[in-house]
Amino acid sequence: MIQKPKGTFDILPEEIPYWQFIEQKARKVSRRFGFREIRTPVFEATELFQRGVGNTTDVVQKEMYTFEDRDGRSLTLRPEGTAGIARAIIENGKCGDAMPLKLFYFINCFRYEKPQAGRSREFWQFGTEMYGAETPEADAEVISLAHSLLKEIGLTEITLHINSIGCPNCRPTYRAALKSYFEANKEPLCDTCKGRLETNPMRILDCKSPICKEIAKNAPKTFEHLCADCSAHMDALCANLNALNIPYEIDPNIVRGLDYYTRTVFEFITPVIGAQSTVCGGGRYDGLVKEIGGPNLSGIGFAMGITRLILALEATGKLPATDYETDLYIASMGKDAAKAALTIAGAVRDADLRCESDLVSRSLKAQMKYADKKGARFTLILGDNELLSGKANLKNMKTSEQTEVDIRNIPALLSLIR
Ligand code: ATP
Ligand code: MG
């Protein structure tokens, strides 16, 4: 028996309504804010992620699914959505469009990670990107979109954490301060963080190991090192969030896992799903478009992990009720009745109602059992007598009430089951 690859999952029909619920809400909320959908390839040139996500990140160093195609090109299954979208807007000449450019996506991503609850190797993200708006109002709008969506799906046990990681002007001094702090506390750090000390000390703040987390608590804080512009940006963002009535916490340990972030970074964190508690991560990435060969175009966005959203809704009893019912099941006995059932089913479906009939010539008893399993609201039984008389009994499965109907009078039948 061939099994699914480690770290992947099947989404079964009974779970699909939860996914569709979130997807529909995400589309609806995006639309309210003027964001439009974009779809890009599931694989890209490996170099795009090396440059766009950053060579010093865990994602690029350890987590990418990279392969050579038959022509020897190095390709990578997207580990995230932003780099591909930035490439797409440059390549399709969108950088000259009316700004800001507001985009959203719903995608599967691939990362070679240790699978656990809320962490898989193929996973799904809903995300947004806003290009060409550098103001703290743009930050607030993007955060507000995420906040509205979380509210709309009913996830109330959630906190917004924000931070600023500075810009290319002020980050070098912060980086130096961090480096000397961690140098002085180097011994207990995990091996990965010992390496990060040289390549990217800010990543240590993002380490999941409890010991590194403990040491990170007393590390220098970004906002002690921000330049005047970055400080003003952060203050204005806080004022905007207050104006929007969106509660937040300033959290100096939020640094985000990807290299391209500048200034604002944020996460929505929920206490209800255990260790993988970040359901949404985002921030500003003003250097990205230029980094991958485009103009100097600012950007800000976020990505939400759909599995984690579903886990959180499940944990708080907020998963939507699912609706698998069928409106009418037509049971039939004999070939002629089965054919008549097909005709009636066709007319019922044309009226946008859900209808099924017997397709496997089962006994009446077995057909009724199937109808019950499919949650049929009504059943109609057709046999030779019914075909001859043109009359059949329509049964309301909830009340057991039976009504005689004329099977040639479809509008009358429809009015009974609507
Ligand atoms: P984490 O710190 O949990 O590894 P990250 O910083 O790597 O997250 P991002 O790259 O910012 O995550 O992705 C945004 C969101 O996508 C995360 O907040 C999370 O909800 C979701 N996500 C990331 N990696 C995975 C994964 N392997 N499985 C499921 N969801 C994921
Ligand atoms: Mg990660």
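Select β9 (262–269) and β10 (residues 278–284) in this predicted model. The two strands pair in the antiparallel sense, over six bridges. To see one of the bridges, pick I269 and look across to its partner in β10, T278.

Now widen the selection to the sheet that holds these two strands. It is an open sheet of eight strands, ordered β1-β5-β6-β11-β10-β9-β7-β8, and its pairing is mixed. At the edges are β1 (36–37) and β8 (249–250), each of which pairs on one side only.

Next, add the helices on this sheet. Helix α9 (residues 228–243) packs on it and touches β7 (159–164), β8, β9 and β10. The direction of α9 makes about 160° with that of β7. Helix α11 (residues 306–315) lies across β5, β6, β10 and β11 (299–305). Relative to β11, helix α11 runs at about 55°.

Follow the chain into the loop between α9 and β8 and select N245. N245 is not a glycine, yet its phi is positive, at about 65°.

Another backbone feature is in the loop between α4 (82–91) and β5, where P100 is found. Select M99 together with P100: the peptide bond that joins them is cis, with omega about 0°.

Move to the second largest pocket, which holds about 520 Å³ of space. Its lining has 28 residues, and those closest to the centre are P168, R171, D259, Y261 and T262. Select these five to place the view. Which elements each supply at least two residues of the lining? They are α2 (46–54), α6 (171–184), β9 and α10 (288–291). Helix α2 gives the most, with four residues. Colour the lining by class and it divides into eleven nonpolar, eight polar and nine charged residues.

Then go to β3 (residues 65–68) and β4 (residues 74–77), which pair in the antiparallel sense over four bridges. E68 stands opposite S74 of β4. The two strands form a hairpin with five residues between them. In the turn, select G72, whose phi is positive at about 80°.

Stay with β3 for an aromatic pair, one of twelve in the model. Show the side chains of Y65 and Y112: the ring centres are 5.8 Å apart and the planes are at 70°. Why is the pair called edge-to-face? Planes over 60 degrees apart count as edge-to-face, and the angle here is 70°, so the pair falls in that class. The pair links distant parts of the chain, with Y65 in strand β3 and Y112 in the loop between β5 (101–110) and β6 (122–131), 47 residues apart.

The last stop is another sheet. Select β13, β12, β14, β15 and β16, which follow one another in that order in an open sheet of five strands with mixed pairing. The edges are β13 (355–357) and β16 (402–406); each has a single partner strand, so one side of each is left without a neighbour in the sheet. From one strand to the next the twist averages 25°.

Within this sheet, β15 (residues 391–396) and β16 pair in the antiparallel sense over five bridges. Pick K395 and find its bridge partner in β16, Q402. Finally, show helix α13 (residues 364–373), which lies across β12 (326–332), β13 and β14 (376–382). Helix α13 runs at about 175° to β12.

Definitions and conventions. Residues numbered from 1 in each chain as written. Chains lettered and ligands numbered in written order. Heavy atoms only, no water. Pairing = 2+ DSSP bridges. Axes fitted to C-alpha atoms, helices over the stretch in contact; angles between N-to-C directions. Contact = heavy atoms within 4.5 Å. 1 Å grid on protein atoms, 1.4 Å probe; cavity = no way out; pocket = protein on both sides within 12 Å on 5 of 7 lines; lining within 4 Å. Points joined across faces, edges and corners; volume = space filled by probe spheres on them. Nonpolar A, V, L, I, M, F, W, Y, C, P; charged D, E, K, R; others polar. Phe/Tyr/Trp six-rings, centres within 6.5 Å; stacked < 30°, edge-to-face > 60°.
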